[in-house]
Amino acid sequence: MPYRTLSSRPLTHLTRQSFSTSPRCLRPSNVGNIGLVAKDAKIGKQAPEPLTIDGIKARRAKAGKLVAPTASYSDSDMFKAPQAFDKPKARRWDHILSQESLSREPCALKQAAKYLKKPGLISLGGGIPSASNFPIDSLGMRIPTPPRFSESEVPSSGQDVNIGKYDVREDKNGGVYDLAIAMNYGQSIGSAQLLRWVTEHTELVQKPPYADWRCALTVGSTGALEQALRMFGDRARGDAILTEEYTFSTALETAAPLGIRVFGVKMDDQGLRADSLDEVLETWDEKARGARKPTVLYTVPSGQNPTGATQGVQRRKDIYEVCKKHDIFILEDEPYYFLQMQPYGAASVPPPASPDEFLKHLIPSLLSMDTDGRVMRMDSFSKVVVPGSRLGWITASEQVIERYIRHAEVASQGPSGISQVLMYKLVDEAWGHEGYLEWLMHLRLEYTRRRNTILAACEKYLPSDLVSWVPPAAGMFLWLYVDHTQHPQASTKSILEIEDNIFASCIDKGVLAIRGSWFRAEQDVPPSGLFFRTTFAAASEEDMAHAIERFGAAVRESFGR
């Protein structure tokens with residue numbers, strides 16, 4: 001029976017059964033005319049192996065070699081375990097999507113490309129350059145060999161990875177992804193090669209509890225957020241979103257030009273409070289607020305920026321239930337999810353000893369609880385591999401991914417092919433899922449050590465009666481609370497004025513700590529307290545100690561100590 005896409009044009013309903021199910025070839029479903037290109041990626045049928053690292057290896061071995069030439073289309077359904085399709089399907093979100101998103105059509109040129117599949121047809125249509133004119137013949141990089149990840153070990157124990165222009169044609173260097181493919185145009189969803197790894201990783205770690213989830217590669221979480229806000233926010237409707245009362249400042253700066261109002265939800269040591277979220281939604285007054293009742297929540301559940309707070313498992317369940325109650329779509333931004341650290345001061349608690357143990361210790365994500373398909377999870381390589389890759393991925397329902405790709409086709413057109421092939425060679429061919437998880441285990445210990453260093457400096461140099469903090473359980477930020485009520489001019493100066501005084505003194509003394517007021521979700525509302533955000537991500541241990549000592553001196557000076 002035909003159904004209508006979001007653009008209201010009738011299309012034949014294509015389900016998972018629309019794939020070619022021969023043992024040798026599995027094709028993408030092309031829902032919404034996504035994959036109308038000359039050649040789709042091909043891979044053998046996925047076997048019902050366990051959702052484990054070894055199970056993924058077995059599935060790959062049985063499926064055979066992935067064949068994905070230049071600009072070939074793929075989707076996550078090609079790479080998911082068969083048991084994923086036994087679950088219920090996600091809800092649809094037509095009532096929340098913006099008019100801008102609803103009006104997007106598939107690219108006409110991609111639709112024309114379907115004729116290239118006719119045998120013997122000579123194309124004078126597509127503007128895809130010949131790889132013979134690409135001036136880069138090969139690339140090489142030296143990378144760590146798991147589990148020896150320290151920089152000092154790489155020269156002696158690292159491995160060299162090479163990428164040639166025609167590795168696929170010549171069956172060299174793995175023969176799956178080469179520069180001829182990576183340097184040419186690709187699909188907005190990303191390359192089949194890296195999309196396969198991302199899909200497997202998502203299934204291994206998150207295990208989404210509905211059938212029609214998919215992944216799409218992105219140009220990083222900031223770009224993904226901008227597209228998501230335009231998909232779910234509509235200036236003409238008077239839309240607003242909810243987030244933590246102190247939130248990622250770039251998110252605020254992304255929403256503002258789109259005409260989307262942002263409102264804050266109260267926080268505690270575990271971040272966003274579910275009871276406050278419910279109260280805000282229950283008591284929403286459109287006239288008083290100047291915006292209609294929000295339909296979107298943007299949250300950073302782990303190592304939240306700027307507060308460093310991490311939502312516990314029950315908190316996440318409570319937040320999800322509130323969102324179900326009020327029909328809220330969730331943007332789950334998780335760049336720090338895998339930087340969950342050892343408990344502070346618990347030297348007797350051993351770190352995870354294996355990738356399986358590491359996965360068991362991770363706090364379940366909102367995506368892993370999402371039975372409705374109401375979560376778009378944003379993952380990124382920026383905080384756990386390299387920020388300069390400008391590479392990440394989203395996971396959401398088939399409908400949401402299709403609308404996201406419609407946007408990406410006329411915006412970013414997907415992430416850089418060079419970034420994708422380098423990342424693929426690192427996390428897939430060289431490390432595999434096990435090696436990548438071992439890398440994350442290594443990072444966990446590195447950030448635990450750095451966090452412990454800055455906390456030791458705080459305990460040594462900060463006046464404990466004036467400055468307090470909660471040891472972060474994840475991420476790279478430490479949120480310092482300064483008790484402004486004890487300031488000698490508390491009765492005559494505002495929090496912002498005292499904050500400005502301390503900030504200026506910090507700069508004079510040679511330390512940069514970011515003003516907490518810059519992160520307020522509602523800039524027209526007075527801050528709830530006096531805070532400063534610090535980070536332990538980059539400075540050396542010695543410099544961190546000096547910086548905290550200088551911050552302490554600035555606080556004491558402002559308070560007349």
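Me: How many bridges join strand 10 to strand 11?
Reply: In this predicted model, strand 10 covers residues 296-299 and strand 11 covers residues 329-333. The two strands run parallel. Strands of a sheet pair through backbone hydrogen bonds, either parallel or antiparallel. The number of bridges joining strand 10 to strand 11 is 4.

Me: Which residue in strand 11 does Leu 297 stand opposite?
Reply: Leu 297 falls within residues 296-299, the span of strand 10. The residue that stands opposite Leu 297 in strand 11 is Ile 330.

Me: In what order do the 7 strands of the open sheet lie?
Reply: Strands 10 and 11 are neighbours in an open sheet of mixed pairing. The twist from one strand to the next averages 20°. Across the sheet, the order is 5-13-12-11-10-6-7.

Me: Why is one side of strand 5 and of strand 7 left without a neighbour in the sheet?
Reply: Strand 5 spans 213-218 and strand 7 spans 261-265. Both stand at the edges of the sheet, so one side of each is left without a neighbour, the reason being that each has a single partner strand.

Me: At about what angle does helix 10 run to strand 6?
Reply: Helix 10, residues 274-282, lies across strand 6, strand 7 and strand 10. Strand 6 itself covers 240-244. The angle between helix 10 and strand 6 is about 160°.

Me: Which helix lies across strand 5, strand 11, strand 12 and strand 13?
Reply: Among these strands, strand 12 covers 375-380 and strand 13 covers 392-397. The helix in question runs at about 135° to strand 13 and comprises residues 398-409. This is helix 14.

Me: What is the volume of the largest cavity?
Reply: The count comes to 1 cavity of 30 Å³ or more. The lining includes Glu 334, Asp 379, Trp 393 and Tyr 436. By class, this lining has 5 nonpolar, 1 polar and 2 charged residues. The volume of the largest cavity is about 40 Å³.

Me: Which helix gives the most to the lining of the second largest pocket?
Reply: The second largest pocket has a volume of about 680 Å³. Of the 28 residues that line this pocket, the closest to its centre are Val 384, Val 385, Val 386, Trp 439 and Leu 443. Strand 3 (138-143), helix 15 (417-430) and helix 16 (432-461) each supply at least two lining residues. With 6 residues, the element giving the most is helix 16.

Me: How many residues of the lining of the second largest pocket are nonpolar?
Reply: The lining of the second largest pocket also holds 5 polar and 5 charged residues. Its nonpolar residues number 18.

Technical notes
Residues numbered from 1 in each chain as written. Predicted model: local features only at pLDDT ≥ 70, side-chain atom pairs only at ≥ 80, totals over all residues. Heavy atoms only, no water. Pairing = 2+ DSSP bridges. Axes fitted to C-alpha atoms, helices over the stretch in contact; angles between N-to-C directions. Contact = heavy atoms within 4.5 Å. 1 Å grid on protein atoms, 1.4 Å probe; cavity = no way out; pocket = protein on both sides within 12 Å on 5 of 7 lines; lining within 4 Å. Points joined across faces, edges and corners; volume = space filled by probe spheres on them. Nonpolar A, V, L, I, M, F, W, Y, C, P; charged D, E, K, R; others polar.
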